[in-house]
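Dear colleague,

Please find below the structure for your records, with the sequence alongside it. The remainder of this message sets out what was found.

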Amino acid sequence: MDSGQTPTPSGNAKRILSVDAMGGDKGPAPVIAGMADVAKKFDDVSFIVHGKKSDLSRMINKRKALRGRCEIRHCEDEVSMTDKPSHVMRHGKGTSMWSAVQSVKSGEANVCVSCGNTGALMALSMLTLRKIPGITRPAIAILWPSRNEFGFNVMLDVGADIKADAQDLLQYAFMGVSYARNGLDIARPRVGLLNVGTEDHKGRPELHEAFDLIEAYQSVANYDFVGFVEGGDIPGDRTDVIVTDGFTGNVALKTGEGTAKLIGELLREAFKYSPLSRLAQLLAITSLGRLKKRIDPRRVNGGVFLGLNGTVVKSHGSADATGVSAALKLALRLDQTQLTQKIAARVASIDTIHHDKAEE
């Protein structure tokens, strides 16, 4: 996570990450390389690594930074990207993904990180860790590069559940505020509700109901509600937290990733057009490098499952070592801030206030 919010060592206490090494598109190699990068930077971190022991032992032994800092849990099976979540819930007990989540449930590890099948990971996480009391639907939150002073906006949900009613969207707002406050150090986050327009008459009925709920709780939950926002505000500076349903959020996420890739390809083509343009590329190489780093999705890789009794970070399935490293650093940051516990406390306090209001 290259957001300026780098996790710091926590004294002599060991921080343990549970890593599903087998679920990604590229196999365990980039996962082990990402772990080695994190191990070089943080000497208080160790790993429980889940997957085929023969493959993992060979790769880990080649990485000096990982020697003596990894416990390998042998798992014969793995979850593929094509496996249905319902199938994994019934037959996934021997997989590296199941084992990785189980290590968090048992208290052996602080956070689970996986590059695997998103639907299966969410299903196993819900089955194993269970939802925080009061949470109806967990959500996946991501950091989106933006023009605001913190450099990122939080958006949720981006794919945990395609449906969301007004009460779900209110809970997403609470969880997103906690993430922004603890992950980005924003004392009083601004919350926007994604819609097809900012006018009062636009949008589905559940959005208008959610508008009233999110607005009503802003003083109690210590955030500022800016109202409806549009797609153009996702990378903008009008809001810090963008609330939407999982279908819309996932489409926006994949569109953004594709657009960033297209811009990179078009820039490379443009600079190859003529000798003069190639010279211009050389003159602008420092600025282009900053731009590339700024919009590189690998450096903000990691969707966080919010609303569970335990922290799970979902890395992109095609992540390379840089992307995996970013997801692991995000996991460390969230563990350090005790995000799960703070979300549980926030939801409990809001439920109490809601109950008190109902009795008045």
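I begin with N222, which is partly exposed, with a relative accessible area of 31%. The residue is placed in the loop between α8 (218-221) and β8 (224-229). Its phi is near 65°, which is a positive value in a residue other than glycine.

Q338 also has a positive phi, of about 55°, although it is not a glycine. This residue sits in the loop between α12 (321-337) and α13. Q338 counts as partly exposed because its relative accessibility is 45%, a value between the limits of 20% and 50% that bound this class.

One further point concerns the backbone. L156 and D157 are joined by a cis peptide bond, with omega at about 5°. D157 belongs to the loop between β6 (152-156) and α6 (166-183).

Confidence and overall make-up

Please bear in mind that this is a predicted model. The mean pLDDT of the protein chain is 85, and 89% of the residues score at least 70. Among the elements of the chain, strand β9 (residues 241-243) has the highest mean pLDDT, at 97, and helix α11 (residues 285-295) has the lowest, at 65. Where pLDDT is low, the predicted coordinates should not be read in detail.

The protein chain contains 13 helices and 11 strands. Of its 360 residues, 49% are buried. Among contacts between residues at least 6 apart in sequence, 73% join residues at least 24 apart. The chain exposes about 16500 Å², and carbon and sulfur atoms supply 54% of that area.

Helix α13 and its contacts

Two residues of helix α13 were examined individually. I343 lies in this helix, which spans residues 339-359. I343 is buried, as its relative accessible area is 2%. With its neighbours within four places in sequence left aside, I343 is in contact with I132, M175, S178 and L306. The C-alpha atoms of I343 and L306 are separated by 8.2 Å, and the two residues are 37 apart along the chain.

T340 lies in helix α13 as well. T340 counts as buried because its relative accessibility is 16%, and the cut-off for that class is under 20%. Again leaving aside neighbours within four places in sequence, T340 is in contact with I132, L308, N309, G310 and T311. I132 is thus listed among the contacts of T340 and among those of I343.

Salt bridges

The structure holds 16 salt bridges. One of them is formed by E78 and K52, whose closest N and O atoms are 3.5 Å apart. E78 lies in the loop between β3 (70-74) and α3 (85-91), and K52 in the loop between β2 (45-51) and α2 (53-61), so the pair ties together parts that are 26 residues apart in sequence. E78 is partly exposed, with a relative accessible area of 36%, and K52 is partly exposed at 24% relative accessibility.

E71 forms a salt bridge with R73, and here the closest N and O atoms are 2.8 Å apart. E71 is partly exposed, with a relative accessible area of 37%.

The side chains of E199 and K202 also meet in a salt bridge, at 3.5 Å from N to O. E199 is partly exposed, with a relative accessible area of 36%, and K202 counts as partly exposed at 30% relative accessibility.

In addition, D37, K41 and K329 are linked in a network of salt bridges.

Cysteines

How many disulfides does the model contain? The count comes to zero. As to individual cysteines, C70 counts as partly exposed at 22% relative accessibility, whereas C75 is buried, with a relative accessible area of 5%.

A nonpolar surface patch

On the surface, I162, F247 and V251 form a nonpolar patch, with about 310 Å² of accessible area together. V251 is placed in helix α9 (residues 246-271). V251 counts as partly exposed because its relative accessibility is 44%; residues must have over 30% relative accessible area to be included in a patch.

With kind regards

How values were computed
Residues are numbered from 1 along each chain as its sequence is written. This is a predicted model: local features need pLDDT of at least 70, side-chain atom pairs count only at pLDDT 80 or more; totals for chains, interfaces and linings use all residues. Side-chain values use heavy atoms; hydrogens and water are left out. pLDDT is the predictor's confidence in each residue, from 0 to 100. Helices (H or I, at least four residues) and strands (E, at least two) are DSSP runs, numbered from the N terminus. Patches are made of residues with over 30% relative accessible area and no salt bridge: like charges are joined within 9 Å, nonpolar side chains (Val, Leu, Ile, Met, Phe, Trp, Tyr) within 5 Å. Accessible areas come from the Shrake-Rupley method with a 1.4 Å probe; for residues, only the protein chains shown count as cover. A salt bridge is a side-chain nitrogen of Lys or Arg within 4 Å of a carboxyl oxygen of Asp or Glu. Buried means under 20% relative accessible area, exposed over 50%, partly exposed in between (1.4 Å probe, protein chains only). Contact means heavy atoms within 4.5 Å. A disulfide is a pair of cysteine sulfur atoms within 2.5 Å.
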